[in-house]
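Below are some notes for a colleague who has the coordinates open and would like to check a few local features one by one.

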Amino acid sequence: MSWYNEAIFYHIYPLGLTGAPKENDYGTPVHRLNTLLPWIDHIKEIGCTALYIGPLFESVGHGYETTDYKKLDSRLGTNKDLTNFVKACHEKGIRVIFDGVFNHTGRDFFAFKDIQKNREHSPYVNWYCNVNFGGNTEYNDGFSYENWGGYNLLVKLNQRNPEVQNYICDVIRFWVSEFDIDGIRLDAADVLDFDFMRILRHTADEVKKDFWLMGEVIHGDYSRWVNGQTLHSVTNYALHKALYSGHNDHNYFEIAHTVKYLQNMGDLDLYNFVDNHDVERIHTKLQNKAHFAPVHVLLYTLPGVPSIYYGSEFGIDGKKEKFSDASLRPALDLNDYADAATKNPCTALIAALGKVRQGTPALSYGSYAELALTNRQFAFARDLEGIRVIVTVNNDDSDSEMNLPTGSAPEYVGALTGQKVSAQGGRIRVRVAANSGEIWLPAGDMPEYKPVQTNVPETAATKENENAASEAEEEQAAENSTVTEAAPEKEASNAENTDKASDNTANAADVPSTSEAESSNPQETETVTAPNPHKTPEEMTVGELQAAILAKMAGNGPVDDQMKKTVYDNIWHDSLVNWLKSFR
């Protein structure tokens, strides 16, 4: 048991929240990070116990093209500002993890600048992958190199080079000694070298007790990354997709089957979220905004570590744009949300759920058991040391009654509503309000909480946003019917890829939505390229990798159309390589 097993995360993209300029002029530091100090009390007020913040370090633009791993981005301030910020979080009992962008650097990084200057004679030539002095790029360097995602702005590090390994491990030690951080979120972990991750884990175990490594992973068997040798956790994109589409489609089977699909990977403590800096806000994604409540009840009660992305606790919208993620990463003034925990029903719900989660160990450590399941109602238990906590959710516009098996407690109380029910014959009959959810605790064994409004009402503004989102989706669908040139920005690309991937990953649990099943048949639209058995995964083409993955899947059981679609939707070579390697 470690702090991260019980954590409730708050996620901040600092360059966006502080309103920093899009481009870095490397000028005099501007102390924007200090404007986030008041947010620490807000984070604590809504029940979060940990903060994931990043990217933070000197970079060219969006933060993921690192220039200096040991210097706070000039647009945010100085290293002293960052040290004081982490200290202020710790004083409030909030753990802090940074974004670790170790797969690639920016072109202004010292090692790359040396290659530009000294070419073949640079001692850093082997710090990067496939540097070729017979090639060139759009930057006219007179040489080419391997990049991330097709963007030469992001130069891929050679993670098998001992000098690179030592340098990155030294960065981690520096971050701990200088800033006293508690963990790292590894960017693009699904394309990191596994031996490199083992080295990072060894360093993590050395630098600080319970130092947490969490990786950004989308596709594949998560247990390949989450184990005693590599990472403690990864991003749960499978559940992310199921939570919003399971409500939009009135299909709780998708969510329930996704949970089973994940549990089959082992006892993994995954990083659960409903939105982040790469995907649309949950309030935007939900067709019925009232589903904000049951979605978050599930986020806080299903197995895993819950996370809230800054601003979403207020119910704000964020629609993906064609070549920019700026709308997903807005500048916010906390003063505009004064008293939100009591006046904003979305914030009040998040705060209540945070309190319940902190006071209910079964939600962090309890086993999971499905109790009831229909398209529109879902109930499950979290059992720990003889205590049964029961969770009920309802995505229907009408109230629903459920008759559920209990533990040994004679009476249960709804943690969110204060409703009390007596057990009869080892069962309770409960009423779950329309588009709502409840957490039923044994009366007397658990603290009781002040009732909150769990059903979030639709306002006129909400309906206007919903209509606008629908129109935007139609326009985006029309635009996506033709091939367009992508913007040379890593995070815009990453957001597009992760959102598309998350829209399909969870349905590997065999529960495709009707619209997906009708609109796509991989057998009719895709051409299978047979894998070459004499090639290593790294040598295979994208088509060969996809075919090899499908062959591995077929060896484990039937492969349905949705599973094929998930494979074909992943067109990223490095991700497919690691996916193929994840099969044992």
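1. In this predicted model, helix α3 (residues 79-91) and helix α5 (residues 162-179) have axes that come within 9 Å and cross at roughly 70°. Because angles of 65 to 115 degrees count as roughly perpendicular, α3 is described as roughly perpendicular to α5. On the α3 side the residues that meet the partner helix are Asn79, Leu82, Thr83 and Val86, and on the α5 side they are Phe174, Glu178 and Phe179.

2. It may help to recall that residues three or four places apart on an α-helix point the same way, because such a helix has 3.6 residues a turn.

3. Asn103 deserves a separate look, since it sits in the loop between β5 (95-100) and β6 (104-105) and yet has a relative accessibility of 0%, so that Asn103 counts as buried, the limit being under 20%. Its side chain makes two polar contacts that can be checked directly: one with the side chain of His104, at 3.0 Å, and one with the side chain of Lys156, at 2.6 Å.

4. What surrounds Asn103 once its neighbours within four places in sequence are left aside? The residues in contact with Asn103 are then Trp148, Val155, Lys156, Leu157, Gln159, Ala188, Val191 and Leu192, and Lys156 is also the partner in the 2.6 Å polar contact with the Asn103 side chain.

5. Helix α12 (residues 345-359) contains 15 residues and spans 21 Å from its first C-alpha to its last, which is close to the 21 Å expected at 1.5 Å a residue. At the start of α12, a side-chain oxygen of Asn344 comes to within 2.8 Å of the backbone nitrogen of Cys346.

6. Is α12 mostly covered or mostly open? It is mostly covered, with 11 of its 15 residues buried; among them are Cys346, Leu349, Ile350, Leu353, Val356 and Arg357. The elements that cover these buried residues include α2 (37-45), α10 (292-301), β13 (305-309), α11 (340-343), α13 (362-365) and β21 (436-442).

7. On the cysteines, Cys346 counts as buried because its relative accessibility is 5%, and Cys48, at 3%, counts as buried for the corresponding reason. The count of disulfides comes to 0, where a disulfide would need a pair of cysteine sulfur atoms within 2.5 Å.

Methods: Residues numbered from 1 in each chain as written. Predicted model: local features only at pLDDT ≥ 70, side-chain atom pairs only at ≥ 80, totals over all residues. Heavy atoms only, no water. Helix = DSSP H or I, 4+ residues; strand = E, 2+ residues; numbered from the N terminus. Expected span 1.5 Å × (residues − 1). Buried < 20%, exposed > 50% of the residue type's maximum accessible area, 1.4 Å probe, protein only. Contact = heavy atoms within 4.5 Å. Polar contact = N/O pair within 3.5 Å; in protein donor to acceptor, adjacent residues only side chain to side chain. Axes fitted to C-alpha atoms, helices over the stretch in contact; angles between N-to-C directions. Parallel < 35°, antiparallel > 145°, perpendicular 65-115°, else oblique.
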